[in-house]
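Please look through the structure shown here with a student's eye, following how strands pair in a sheet and then how two chains touch.

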Amino acid sequence: MYRADPGSFRDPASHIVFADDRVIRLLDERGLAGWKALAATDFFAKATADGRLIASKQIEPPPDADAAAALEHPLLPFVSYPYEWTFSMLRDAALLQLDLLAESLAAGLTMKDATPYNIQFVEGRPVFIDIGSFEPYSPGEPWIGYRQFTRQFLFPLMMRAYAGVPFQPWLRGNPEGPSAGDMRNLLGFWQRMRPSTLLHVSLQARMEARMSGTAVRGELKTAGFNADLILANVRKLRKLVEGLDWGGSAAGWIEYESCQHVGRDRETKTRFLESALADLGATRVLDLGANDCHFAERAAAQGVTAVAVDGDEPVLDAVYQKGTSVSIVLSDLTNPSPSQGWAERERPGLAGRARPDLVVAYGLIHHLIYTASIPPSAVLDWLADFECPVLVEFVAPDDEMVAKLTANKVEAELHPGRDQSEFESALRKQFTVASTETLGEGSRTLYRLLPVTAAQGATGRE
Amino acid sequence: MLFGYLDAGSGSLILQAILGGAAGILVAFKAWKARLMGKRALTEAGTEAEAVVEEPAVPTDS
């Protein structure tokens, strides 16, 4: 028995199903023809060997599946979406898309789409996962994915690089990406005068408006369109994408590293985490408010899957650029990615994808309580919803960081329950305390919390 | 001819030829011209058809 992947249904020739933890791609006759053509090329062997294409092996289709053929792929440790990526991640994904298209054309193939949803990050590197995207190139055909490439890769990158507007909220609101018309409206006069925006943005917007719904593929073929024209376009696009820079610096990173408490507490927090990993046998760690991903990386070094979530793009981008083995997620934890897309199931929300067996919330909850005005009891409810052990750092009201966060707030504007005794009393409704450790001068405490039901089952405590 | 599940956008398809460089601009011009000629032929055919329709199929004299 298998279950369909709710995010894989748009291409009738190829879609993903799951059989327990096995990932199976079902192909129809057209998908099978594409797979046979791809598998016969040196390009496929090379791109799979160097990790740019996901590994694939042909298997017998499940007996109850209506499919001409089936492939099996490795299970990805974590799935993230472009609205959770940093600028450099989307740019690297765009370059991978262009490189694979150029190489597949040289091998007599083409790619039927060009969307970042076909790319995932594994061990900090982009990997193309949609093997069904390749099919034999028919002479005279244009690149069907060009418009999609501009909307989902190029325009979001231009939006940030040229207009200083973050692309993530846009892609989260509209996964199809900005249209050429939207993009033109976002750009100022001088930005519209760049050769790249004149062509890809303004001219495309104008031609799309004038020619909507007109059949032109036959005319292009008759007029002599060929793969060399696609390759010339792809080469120029590559140069353009490579040159896009968002001006994001690691200033935030440097500022964070220089905080007094960071250096002071880092080793203690690391030991507390490593001890929990060893005792609990955790395999999937979700680091909430991961900052420079130090703790997530230390967890990954122990061989577990680590997902690091933070809302600071410059810091996460710097982590990505230096190379990391953790799955990076750019997300505001007071408004994490929801379930969305078709039937609200196509793109599951962040918590549903993470499925952790250990949550780390170091240096986080005081920001939620004092900056985002989330009541302390609601923060604990949220942590309990993960239904797994939690390592949380409590920061007392007299901590110097809390003083900074509340500099412009009066007592009446703050939620009750912020004292350590009140916090401990509240957490015992849903957790037992397995261990604690006091940090620095005593205003910060680490707690290893076990969910009440799990703790009762495992240890019989409380 | 491939049949994609993706709407490639007519204007974006023609634009691709232009983006391919000098040779592509020629291709785009030829495709545009062919489309224009096809449109004209269609228009002419449509005018002739209209002319035929203008002849009443059934006498309407009372």
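## Strand β13 and its partners

In this predicted model, strand β10 (residues 284–288) of chain A pairs with β13(A) in the parallel sense, and three bridges link the two. Within this pairing, A:Val285 has A:Leu358 of β13(A) as its bridge partner. Strands of a sheet pair through backbone hydrogen bonds, and the pairing can be either parallel or antiparallel.

Strand β13 (residues 358–361) of chain A is also joined by three bridges to strand β14 (residues 390–395) of chain A, and these two strands run parallel. Here A:Val359 has A:Val390 as its bridge partner in β14(A), while A:Val360 is matched with A:Leu391. Are the faces of β13(A) covered or open? Both are covered, since A:Leu358 and A:Val360 on one side are buried, as are A:Val359 and A:Ala361 on the other.

## The whole sheet

These strands belong to an open sheet of seven strands in chain A, with mixed pairing and the order β12-β11-β10-β13-β14-β16-β15. At the edges stand β12 (327–330) and β15 (431–439) of chain A, and because each has a single partner strand, one side of each is left without a neighbour in the sheet. From one strand to the next, the twist averages 20 degrees.

## Where the chains meet

The contact between the chains takes 38 residues from chain A and 25 residues from chain B. On the chain A side, α4 (146–163), α8 (195–211), α9 (217–222) and α10 (227–243) each supply at least two residues, and the largest share, seven residues, comes from α8(A). The residues on this side of chain A divide into 16 nonpolar, ten polar and twelve charged.

Definitions and conventions
Residues numbered from 1 in each chain as written. Chains lettered and ligands numbered in written order. Predicted model: local features only at pLDDT ≥ 70, side-chain atom pairs only at ≥ 80, totals over all residues. Pairing = 2+ DSSP bridges. Helix = DSSP H or I, 4+ residues; strand = E, 2+ residues; numbered from the N terminus. Axes fitted to C-alpha atoms, helices over the stretch in contact; angles between N-to-C directions. Contact = placed C-beta atoms within 7 Å. Nonpolar A, V, L, I, M, F, W, Y, C, P; charged D, E, K, R; others polar. Buried ≥ 20, exposed ≤ 12 C-beta atoms within 10 Å, placed from the backbone.
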